[in-house]
Amino acid sequence: MPRYSIRKNRINDSFLEGFDYEGGTTLVLDEEKMFHCIFLPPIDSTETDGPWGRLSMKMESSGDSVLSFYILAVNHKESLSDAAGMDIDEYLYGDGVDVTAKLSFLRRMGAKRVTGSTDCLLYDVSGRFLYVAIEASGEGSVSISDIVIDSTGDNFMNTFPEVYRERNSFFHRYISIFSSIYNDFQRDINDLPKVLDLDVCPEEYLIVYGSWMGLDLKGRFLELPVLRRLVKEAYSLNRMKGTRKAIERILEIILDEKAVVIEHSLVRALHKEEDVDMLPNFKTRGIYDVTILVKQHLTEELRHQLMYILNQYKPVRTRISIAQLDESPTADSNSYLDVNTVLPEEKEAVLDDELSMDGVVILK
């Protein structure tokens with residue numbers, strides 16, 4: 001059964017109005033636009049009066065959005081070009097024609113229209129070239145993916161006697177229900193290797209795989225790219241659990257930059273022969289305390305995400321604190337030497353502005 005999948009190449013050749021391409025096979029509706037239409041490039045069956053079987057896709061939406069399909073099959077593109085008064089590819093996929101005029105043209109040419117469904121049979125459509133347009137109406141977000149067009153539509157019709165093989169009959173459409181179920185199951189079976197591929201598997205599988213390695217990721221609190229990197233390294237992180245190296249690697253995965261990890265026990269060891277009164281000048285704490293210095297600004301959400309993961313890999317009894325380094329480090333604070341360090345100055349605090357109380361903030 002010839003099957004045509006709408007993937008990156010065909011999407012790049014499509015005309016999109018009010019939809020954004022998100023990679024893979026996914027198209028996401030832009031709620032800021034007035035019109036939302038997709039004109040797919042024509043599919044060539046290479047057969048005159050070639051039959052078509054089924055159009056299906058996956059859709060996720062919130063609100064009351066409704067999809068409408070416009071489906072037109074012709075044997076010669078020239079007939080459409082003559083009716084449009086210009087090359088049909090330029091007319092449908094160029095920017096010079098209004099999208100409402102394009103839809104009106106398909107209706108005038110006798111395009112089949114299907115509304116309110118993501119799965120429809122095309123037994124009453126025949127022709128070498130198949131044109132498909134998708135219109136979204138209503139309110140709410142919409143995500144479309146896995147658009148597939150089958151040229152046959154059913155698997156079992158030829159197993160019945162000749163007297164039953166009437167195309168587009170009630171029996172033919174009834175048998176197609178089971179063919180659709182069978183084909184969807186077969187597609188899922190063929191895609192099983194992707195379920196185990198950490199680069200493409202859905203987010204819910206990443207959470208399960210992480211739990212197999214003792215990594216608790218419930219709640220979907222991490223961005224998907226960070227989640228993938230973390231799960232891919234879960235095995236090696238487990239082998240380093242409870243070590244400084246594990247903490248440094250987790251920081252690099254989540255923050256996408258290296259951070260400085262200061263172990264207060266090492267600071268004390270370096271000065272064990274010095275006067276004890278000197279230790280407060282280094283801001284040392286207990287032997288189980290660790291301070292992490294990061295250069296980038298951490299939102300409250302990111303800070304909680306980071307601490308949640310670090311607490312799963314830190315050594316027992318270790319207390320972790322994170323210090324953000326300002327763009328202009330100030331003396332008497334956590335800072336690198338010789339990096340544009342300046343003396344502290346008083347500044348006014350603003351509520352709900354993610355300002356840390358560093359000792360030089362005044363409230364008025």
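**Strand pairing and helix packing in the predicted model**

Strand β4 (residues 27–29) is joined to β11 by 2 bridges, and the two run antiparallel. Helices (H or I, at least four residues) and strands (E, at least two) are DSSP runs, numbered from the N terminus. Two strands pair if DSSP finds at least two bridges between them. The model is predicted: local features need pLDDT of at least 70, side-chain atom pairs count only at pLDDT 80 or more, and totals for chains, interfaces and linings use all residues. Residues are numbered from 1 along each chain as its sequence is written, and side-chain values use heavy atoms, with hydrogens and water left out.

Between β4 and β11, V28 has S143 as its bridge partner. Strand β1 (residues 3–5) also pairs with β11 in the antiparallel sense, over 3 bridges. Here Y4 is matched with I149 of β11. Strand β6 (residues 54–61) pairs with β11 over 7 bridges, again antiparallel. E60 stands opposite S143 in that pairing. Strand β11 (residues 142–150) has 8 of its 9 residues buried, so it is largely enclosed by the rest of the structure. Buried means under 20% relative accessible area, exposed over 50%, and partly exposed in between (1.4 Å probe, protein chains only). In a regular strand the side chains alternate between the two faces of the sheet.

Another sheet is open. Its 3 strands follow the order β12-β13-β14, with mixed pairing. The edge strands, β12 (260–263) and β14 (319–324), each pair on one side only. Neighbouring strands of this sheet are turned by 20 degrees against each other on average, direction ignored. Axes are lines fitted to C-alpha atoms, for helices over the stretch in contact, and angles run from 0 to 180 degrees between N-to-C directions. β12 pairs with β13 (residues 289–294) in the antiparallel sense over 4 bridges. Within this pairing, I262 stands opposite T291.

Two helices pack on this sheet. Helix α10 (residues 244–255) touches β12, β13 and β14, and its direction makes about 150 degrees with that of β12. Helix α12 (residues 300–313) touches β13 and β14, and its direction makes about 150 degrees with that of β14. Contact means heavy atoms within 4.5 Å.

Q312 lies in helix α12. A polar atom of its side chain lies 3.4 Å from the backbone oxygen of Y308. Q312 also touches G214, L215, D216 and K241, not counting residues up to four places away in sequence.

Methods
Polar contact = N/O pair within 3.5 Å; in protein donor to acceptor, adjacent residues only side chain to side chain.
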